[in-house]
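Visitor: I should like to go through this protein by question and answer. May we begin as soon as it is displayed?

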Amino acid sequence: MNRKIVFVILAVIIIAAGILIVSSHHNNAENHNNTTVNNTTDIRNWTLSNESEKSPSASQSSGSQAKSSSDPAYNSEDYVKRWDQSQNDGDSWAYTHSQPTKTDDDGHRYKRMYDPETGESYWGSMD
């Protein structure tokens, strides 16, 4: 009878160890995937921020990754409306197109901003 108890205890220990090993392997694989996704997102965000720092003429001449023939002209009133609508709807158009900018008569520069909490778009100072 003692042998049966020892055998059962050993079997439980072996099964528990196997579960821990499989669980650890799964967590490591998941952490690796999360790191890859985060690194890809960081690179994309860095690329997008550098694109938005270009001058309007450079951004306009280089075009957009997803530019189609139906896109409004960069910085036109329709372009700003389309950018605002994309931000409000949460679609990807605004993320694949340069952020609208403008310069007032006094030479102050502004870029189009979006507040996700209020859903409002506005011109924010670049100076």
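Guide: K81 and E77 stand about one helical turn from each other, because they are 4 residues apart in helix α3. Please keep in mind that the model is predicted.

Visitor: How far apart are the closest N and O atoms of K81 and E77?

Guide: Side chains of opposite charge can pair when their charged atoms come close. The cut-off for a salt bridge is a nitrogen-to-oxygen distance within 4 Å. K81 and E77 form such a bridge, and their closest N and O atoms are separated by 3.4 Å.

Visitor: Is E77 buried or exposed?

Guide: A residue is called exposed when its relative accessible area is over 50%. E77 has a relative accessibility of 60%, so E77 counts as exposed.

Visitor: Which residue meets the side chain of R82 in a salt bridge?

Guide: R82 is partly exposed, because its relative accessibility is 31%. Its partner is partly exposed at 28%. The two side chains meet at 3.8 Å, N to O, and the partner of R82 is D91.

Visitor: How many residues apart are R112 and D84?

Guide: The side chains of R112 and D84 meet in a salt bridge of 2.7 Å, N to O. This pair links distant parts of the chain, with R112 in strand β2 (residues 109-115) and D84 in helix α3, and the separation is 28 residues.

Visitor: Are R112 and D84 buried or exposed?

Guide: The cut-off for the buried class is a relative accessible area under 20%. Both residues of this salt bridge, R112 and D84, are buried.

Visitor: Which side chain joins that of H97 in a polar contact?

Guide: H97 belongs to the loop between α3 (77-89) and β1 (101-103). Its relative accessibility is 10%, so H97 counts as buried. A polar atom of the H97 side chain also lies 2.7 Å from the backbone oxygen of W93. The side-chain contact, at 2.8 Å, is with D71.

Visitor: What accessible area do the residues of the nonpolar surface patch have together?

Guide: One member of the patch, I5, is in helix α1 (residues 2-52). I5 is partly exposed, because its relative accessible area is 47%. The patch is formed by I5, V6, I9, L10, I13 and I14, and their accessible area together is about 580 Å².

Visitor: In what order do the elements of the protein run?

Guide: The protein has 3 helices and 3 strands. Read from the N terminus, the order is α-α-α-β-β-β.

Key
Residues numbered from 1 in each chain as written. Predicted model: local features only at pLDDT ≥ 70, side-chain atom pairs only at ≥ 80, totals over all residues. Heavy atoms only, no water. Helix = DSSP H or I, 4+ residues; strand = E, 2+ residues; numbered from the N terminus. Buried < 20%, exposed > 50% of the residue type's maximum accessible area, 1.4 Å probe, protein only. Polar contact = N/O pair within 3.5 Å; in protein donor to acceptor, adjacent residues only side chain to side chain. Patch = residues over 30% accessible without salt bridge, like charges linked within 9 Å, V, L, I, M, F, W, Y side chains within 5 Å. Areas by Shrake-Rupley, 256 points an atom, 1.4 Å probe, with all protein chains shown as cover.
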